[in-house]
Amino acid sequence: MKKALTLLYFITLILVFSSCEEKNAEATKLLDDIREYYEKGEYQSALDAVDSLRRTYPEAVSQRKEALVIFQQASLAMAQQNLAKVDSALQVTENELAMLKPQVEEHRRQGVATAEELQHYTKLRVYRDSLQGIFNMECAKIKYIHKRQEENEAVEKSSDKN
């Protein structure tokens with residue numbers, strides 16, 4: 001009976017260890033996919049895959065550490081792309097507002113401003129303000145990501161010294 005229990009114990013251990021190796025191989029495959037997405041510029045896919053890695057393989061610590069670096073890089077790249085788009089739209093809107101403002105104000109003074117003209121001008125100002133809010137948010141996001149990257153580098157340097 002003791003021999004049977006010992007044999008069963010060793011078989012269980014072998015199965016557990018082989019299962020861990022299999023999971024690490026799957027996590028490594030997913031990490032390879034994450035790298036590929038990032039290199040192709042498919043940042044949202046990379047972020048989604050990192051999230052999947054975190055949820056599915058919580059024990060794959062080394063893969064998750066590397067995925068965190070890619071997550072930060074992909075988030076930064078996406079924020080920079082969004083910032084460029086918002087900045088372009090903001091500049092166009094600012095120029096349009098600058099051209100319309102003298103005309104709208106003159107029409108107001110003369111009392112000939114139409115409701116459509118005033119409404120268009122007001123909507124344009126609201127749109128500019130929302131773009132400015134998005135612009136500020138993206139700048140803050142970029143700043144935060146840079147700060148986190150610096151913190152991670154400092155932690156790595158201090159762990160390398162030990």
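A residue is termed buried under 20% relative accessible area, exposed over 50%, and partly exposed in between. By that scale Glu36, with a relative accessible area of 41%, is partly exposed. The structure described here is a predicted model. The protein contains four helices and zero strands, giving the pattern α-α-α-α along the sequence.

**Overall architecture**

- Of the 162 residues of the protein, 23% count as buried.
- The protein exposes about 11700 Å², and carbon and sulfur atoms supply 57% of that area.
- Among contacts with a separation of 6 or more, 70% are made by residues 24 or more positions apart.

**Salt bridges in helix H1**

- The whole structure holds nine salt bridges, including the pairs described below.
- Asp33 is bridged to Lys29, with 2.8 Å between the closest N and O atoms.
- Asp33 and Lys29 are separated by about one helical turn, because they stand four residues apart in helix H1.
- Asp33 has 21% relative accessibility and therefore counts as partly exposed.
- Glu36 forms a salt bridge with Lys40, the closest N and O atoms being 3.2 Å apart.
- Glu36 and Lys40 also lie in helix H1, four residues apart, about one turn of the helix.
- Lys40 has a relative accessible area of 52% and is therefore exposed, whereas its partner Glu36 is partly exposed at 41%.

**Salt bridges elsewhere**

- Arg109 forms a salt bridge with Glu106, at 3.0 Å between the closest N and O atoms.
- Both Arg109 and Glu106 belong to helix H3 (residues 61-110), where three residues, about one turn of the helix, separate them.
- Arg109 is exposed, with a relative accessible area of 62%, whereas Glu106 is partly exposed, with 32%.
- Asp32, Arg35 and Glu66 are joined into one network by salt bridges that share partners.

**Surroundings of Tyr38**

- Tyr38 is located in helix H1 (residues 2-40).
- The relative accessible area of Tyr38 is 26%, so this residue is partly exposed.
- Leaving aside neighbours within four places in sequence, Tyr38 is in contact with Tyr43, Ala46, Ile70, Gln73 and Ala74.
- Phe71 is 33 residues from Tyr38 in sequence, and their C-alpha atoms are 8.9 Å apart in space.

**Negative surface patch**

- Glu150, Glu153, Glu156 and Asp160 form a negative surface patch.
- Glu156, one of the residues of this patch, lies in helix H4 (residues 115-161).
- Glu156 is partly exposed, with a relative accessible area of 46%; because patch residues must have over 30% relative accessible area, among other criteria, this value satisfies that cut-off.

Technical notes. Residues numbered from 1 in each chain as written. Predicted model: local features only at pLDDT ≥ 70, side-chain atom pairs only at ≥ 80, totals over all residues. Heavy atoms only, no water. Patch = residues over 30% accessible without salt bridge, like charges linked within 9 Å, V, L, I, M, F, W, Y side chains within 5 Å. Areas by Shrake-Rupley, 256 points an atom, 1.4 Å probe, with all protein chains shown as cover. Salt bridge = Lys/Arg side-chain N within 4 Å of Asp/Glu carboxyl O. Lys, Arg positive; Asp, Glu negative; His and termini not counted. Charge placed at Lys NZ, Arg CZ, Asp CG, Glu CD. Helix = DSSP H or I, 4+ residues; strand = E, 2+ residues; numbered from the N terminus. Buried < 20%, exposed > 50% of the residue type's maximum accessible area, 1.4 Å probe, protein only. Contact = heavy atoms within 4.5 Å.
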